[in-house]
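Student: I've got a new model open and I'd like to learn how to read it. Can we go through it feature by feature?
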Amino acid sequence: MIKAVVIDDEPAMQDVNCRLLNEYFPEIFLAGIANSVETGVQLIKRENPQLVLLDVELGCGNGFQILQQLKPYSFQVIFITGFGSYALKAIKFSALDYILKPVNETEFRQAVQQAIGEINRDRNQQIQTGVLFDSLQKENQGKKLVLKTIDSLHIVDASDILYCRSDNSYTTFHLAGDEKIMVSKSIREYEELLSGHGFFRPHQSFLVNLDHVKKIDKSDGGFIIMKNKKEIPVSLRQKKKLIQMLENL
Amino acid sequence: MLLAIFYYFRFYYKSRMKIVLPLLSILFVLFSARLSSQELTELKHNIKTAEDKNDTLLLTKAWYQLGKYYDNLQQMDESNQALRTAMSLAKKNNNHKSLSSVANYLASNFSITGESDSAIIYYNLAIDACIKSADSLKLSGVLINLGDEYASTGNYVTAARHSLMAIRIKETLKDSANLAYYYQKVGEIYKLAGENEKWEEYVHKAYRLISNEKHTSIKAIAGIYNDLGGIAETQGNYNQALLYYDTLVSIGKKNNYHNAVGVALSNSATIYKLQGNIQKALETAIEAHKFKNQTPYQQIYDSNLLAELYLENGNQAKSLKYATEAEENKSIGNYPEEKARTFKILYQAEKQNRNYGQALNWLEKYKQLSDSIRDKEIRTQIVDLEVAYQTEKKEQQIELLTTENELKNQRLRNGIILLAVLFIIIVMILYILQIRKKQAQLIQNDLQQQVLRSQMNPHFIFNVLGSIQNFLQENDNKNAAKYLARFASLTRATLEYSSSESISLTNEITMLTSYMELEKMRNPGKFNYMVNTEDLPEPDFINIPPMMIQPFIENAIKHGFSDIHYPGVLTVTITDKNQWINFVIEDNGRGMEPGKTSGHRPMAMEIFEKRRKLFQQKHKKEVKFEKTNLKDTNPAKSGVKISIHIPVFDYD
């Protein structure tokens with residue numbers, strides 16, 4: 001029996017989440033609702049849930065403060081966040097799960113389903129939380145990235161990523177030392193996360209770490225030649241942009 | 001240029017003592033070669049023409065030209081006659097400009113023939129005319145001539161005043177053309193007055209200027225070297241003097257200035273005589289005497305010198321020959337001192353020849369002349385002072401003109417600087433305004449675009465809200481919730497993209513799809529949609545202006561599918577056309593009815609048109625738009641096909 005709590009400062013949201021849980025996950029027991037940092041901490045300490053649906057923007061305070069206070073914790077967190085949240089990027093870097101307000105049912109179900117899977121596999125989020133808190137600080141954002149595969153969790157130094165290659169909705173990360181990690185997120189998402197940190201998407205299917213670029217071959221449409229000799233195609237439309245980016249480095 | 005030099009020579013010639021600068025020389029030769037009788041008929045013709053036209057200005061000029069012509073041919077009487085005619089015409093018409101030129105020319109004619117009194121009168125007339133026509137430059141020229149003239153009559157004080165005034169004007173006007181000549185002339189005056197130090201000073205001043213040879217005539221340069229020789233002579237540096245005269249000879253030879261050579265030789269001969277080298281002196285004097293085109297004064301001087309040298313050599317016959325030659329020169333009356341010298345030589349020669357009767361004759365003539373010269377000198381000094389007082393008034397007028405010029409110069413300079421500064425400021429202001437205008441326009445453009453983009457949303461937001469309300473009223477909460485979720489994600493996207501200028505094609509397609517989903521949910525069963533993106537390899541990298549397609553889809557659904565009784569199909573085909581993305585929206589609805597084309601214009605279309613125009617203004621790229629009624633091409637079909645070409649943003 002999985003125990004869950006909902007921490008949100010808006011009653012409407014509390015209702016929605018509870019109802020959705022009830023409707024789609026009757027096997028999950030809703031142990032309680034809280035609406036602030038203090039009450040949230042108390043609730044979790046008292047009930048010891050495995051699943052916490054946590055609103056990021058909590059009146060005077062934020063959901064992260066609860067996590068800080070409860071470190072190390074052993075439950076699965078699903079963040080609930082409105083539009084334009086500053087924390088969203090940090091959450092994405094840590095590969096923690098989140099749903100947007102207003103809640104999209106499909107997304108809700110997917111997120112909770114995933115969480116159940118993690119709970120059953122007895123996995124804990126410590127490493128991810130670590131990266132989360134690091135990433136919340138602007139100076140540290142972009143240094144580390146959590147890659148979640150079907151069976152494992154990888155923390156990767158962004159500087160170790162040579163390039164990523166996409167294949168439909170999967171992305172394979174090629175790291176230094178010939179290591180390869182495949183994740184089930186689209187390359188576009190990573191482009192969003194990493195483009196501010198020295199990564200460039202020269203082609204629909206590729207995302208490249210410019211630090212590992214050796215040179216650009218302008219012949220025949222254009223190729224990026226990585227330091228490890230790997231050749232990466234450059235789309236015509238991105239050629240100009242690439243050259244400018246390299247000039248600015 | 002030649003003409004200008006010629007006129008300078010014309011005006012500034014004056015010879016009396018050793019300082020000579022005959023003007024005519026080579027230039028006359030040159031000019032005479034060019035002038036011909038043909039020209040005479042031409043000039044006379046000009047006079048006739050001017051008379052016929054009754055154009056007094058032209059007539060004055062024509063007589064002036066004629067006068068100059070005769071002067072070139074050394075027909076002085078005819079020349080003076082023509083010039084007088086020109087002058088009276090100019091006087092009658094108060095044409096001070098022409099008057100000053102003609103008077104000056106006439107005066108210099110008299111000057112050459114030694115008629116100093118007439119020359120002085122006409123120079124003064126020229127000066128008056130110059131003042132009246134406020135021509136400072138010409139005034140300086142006339143003044144230096146007059147100074148020279150006064151010097152030749154022994155009125156050194158007046159001469160110096162006039163010449164110094166001329167220099168002052170030149171300096172005020174910052175006109176250094178031939179300034180060396182002016183200095184040299186002043187020096188000459190001081191020499192004649194016996195002030196050797198001042199003479200040296202000015203000659204050296206002139207000498208310093210002649211390095212800038214563009215501004216100094218050969219005549220001036222020659223004069224300066226001649227002076228330097230003269231100075232060295234008075235200091236007793238005979239060898240130095242000879243060196244200067246040698247330089248003068250080479251300058252003269254180099255520039256075909258034969259008179260300079262003649263003068264240099266003559267002066268060198270004098271030096272040799274002073275040194276006691278009679279042989280050499282004689283040789284040189286003979287050489288000098290060979291130059292035929294010298295001024296009357298120089299001719300007389302040369303003859304006298306030869307006569308003296310032959311006398312010393314004991315050749316009385318030759319001495320008499322040359323002395324008589326001098327005495328018979330018609331201009332000798334103008335040069336009493338040379339005349340006296342001639343008498344003296346004649347007396348000595350006859351005495352040696354033991355023609356005592358003749359000798360006595362000449363001696364008496366000599367004594368008479370010497371006395372009168374001395375008397376004249378005293379009288380001249382008195383007259384000098386008198387004239388000096390009279391010229392004071394004229395000087396004041398000239399002063400006024402000069403200071404006016406100074407002020408004018410300053411004011412002009414200041415004016416120009418001010419104008420330049422103003423001009424620069426204006427240019428800068430205009431430039432800044434231009435930039436600001438452009439910036440403002442760009443900002444306005446952007447804002448307008450933004451406004452237009454966001455305007456589309458309220459429009460359909462209320463539609464959506466209406467639909468939600470509908471669901472709720474029908475108790476269809478499930479659908480309401482679903483609808484709301486869809487709407488939320490579309491709104492999220494719109495908010496994110498409406499403030500950007502461009503959007504990736506992927507995102508645009510997502511938004512369009514969301515929108516179509518919403519519309520589909522609102523009107524269940526009414527229509528189905530399909531998005532075709534086979535021909536689109538890189539939607540992520542293609543950037544287009546956001547939300548331009550939505551109004552067309554809205555239209556198709558609203559108008560095309562209203563009142564149809566069959567399932568509507570909406571197809572959106574997107575293809576990559578490199579610089580454009582082509583959206584083809586085809587529906588199988590009612591189609592456009594003939595006649596009912598542009599009844600009302602939906603607001604969305606208007607917004608589209610506005611955005612299209614703004615886009616063209618800013619990016620100079622066109623948004624192409626085409627609408628066809630399917631029935632027109634295929635009567636079996638019904639519906640509307642819209643083809644839009646949206647320009648792609650180049651990365652720049």
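Student: Which residue forms a salt bridge with A:Arg201?
Tutor: That's B:Asp540, with the closest N and O atoms 2.5 Å apart. Keep in mind that this is a predicted model. Between chain A and chain B the count is four salt bridges.

Student: Which elements of chain A give two or more residues to the side that touches chain B?
Tutor: Helix H1 (11-24), strand S11 (199-203) and helix H8 (236-248) of chain A do. The largest share comes from H8(A), with five residues. By type, that side of chain A divides into six nonpolar, six polar and eight charged residues.

Student: And how much area is buried between the two chains?
Tutor: About 1,700 Å², with carbon and sulfur atoms giving 53% of it. Chain A puts 20 residues into the contact and chain B 19 residues. There are also eight residue pairs in polar contact between the chains, both partners at pLDDT 80 or more.

Student: Let's turn to helices. How do I read a salt bridge inside one?
Tutor: Start with the general idea: an α-helix has 3.6 residues a turn, so residues three or four places apart point the same way. Now the case here: B:Lys558 forms a salt bridge with B:Glu554, the closest N and O atoms being 3.6 Å apart.

Student: Why are B:Lys558 and B:Glu554 separated by about one helical turn?
Tutor: Because they sit four residues apart in helix H22 of chain B.

Student: Is B:Glu554 buried or exposed?
Tutor: B:Glu554 counts as buried, because its relative accessibility is 5% and the cut-off is under 20%. B:Lys558 is partly exposed, with a relative accessible area of 43%.

Student: What about a salt bridge that links distant parts of a chain?
Tutor: Try A:Lys144 and A:Asp157, whose side chains meet at 2.8 Å, N to O. A:Lys144 is in strand S6 of chain A and A:Asp157 in strand S7 of chain A, 13 residues apart. Both ends are partly exposed: A:Lys144 has a relative accessible area of 34%, and A:Asp157 has 30%.

Student: Which aromatic pair should I look at?
Tutor: Take B:Phe552 and B:Phe625, a tilted pair at 5.0 Å centre to centre, with 40° between the planes. B:Phe552 belongs to helix H22 (residues 550-560) of chain B and B:Phe625 to strand S6 (residues 624-629) of chain B, so you're seeing distant parts of the chain linked, 73 residues apart. B:Phe552 counts as buried at 0% relative accessibility, while B:Phe625 counts as partly exposed at 26%. Over all chains, the structure holds 19 aromatic pairs. Ring pairs also link B:Tyr183, B:Tyr190 and B:Tyr202 into a cluster.

Student: How do I see what a helix packs against?
Tutor: List its buried residues, then look at their neighbours. For helix H6 (residues 126-136) of chain A, the buried residues include A:Val131, A:Leu132 and A:Phe133. The buried residues of H6(A) pack against helix H3 (63-69), strand S4 (76-81), helix H4 (88-93), strand S6 (144-148) and strand S7 (153-157) of chain A.

Student: Where does A:Gln141 lie?
Tutor: In the loop between H6 and S6 of chain A. A:Gln141 is buried, with a relative accessible area of 14%. Leaving out residues up to four places away in sequence, A:Gln141 touches A:Lys89, A:Ala90, A:Phe93, A:Asp134, A:Ser135 and A:His197.

Notes. Residues are numbered from 1 along each chain as its sequence is written. Chains are lettered from A and ligands numbered from 1 in the order in which they are written. This is a predicted model: local features need pLDDT of at least 70, side-chain atom pairs count only at pLDDT 80 or more; totals for chains, interfaces and linings use all residues. Side-chain values use heavy atoms; hydrogens and water are left out. Contact means heavy atoms within 4.5 Å. Buried area is the accessible area (1.4 Å probe) that two parts lose on being put together, summed over both. A polar contact is a pair of N or O atoms within 3.5 Å; within protein, one must be able to donate a hydrogen and the other to accept it, and residues adjacent in sequence count only if both atoms are side-chain atoms. Ala, Val, Leu, Ile, Met, Phe, Trp, Tyr, Cys and Pro count as nonpolar, Asp, Glu, Lys and Arg as charged, and the others, Gly among them, as polar. Rings of Phe, Tyr and Trp (its six-membered ring) pair if their centres lie within 6.5 Å; planes under 30 degrees apart count as stacked, over 60 as edge-to-face and the rest as tilted. Buried means under 20% relative accessible area, exposed over 50%, partly exposed in between (1.4 Å probe, protein chains only).
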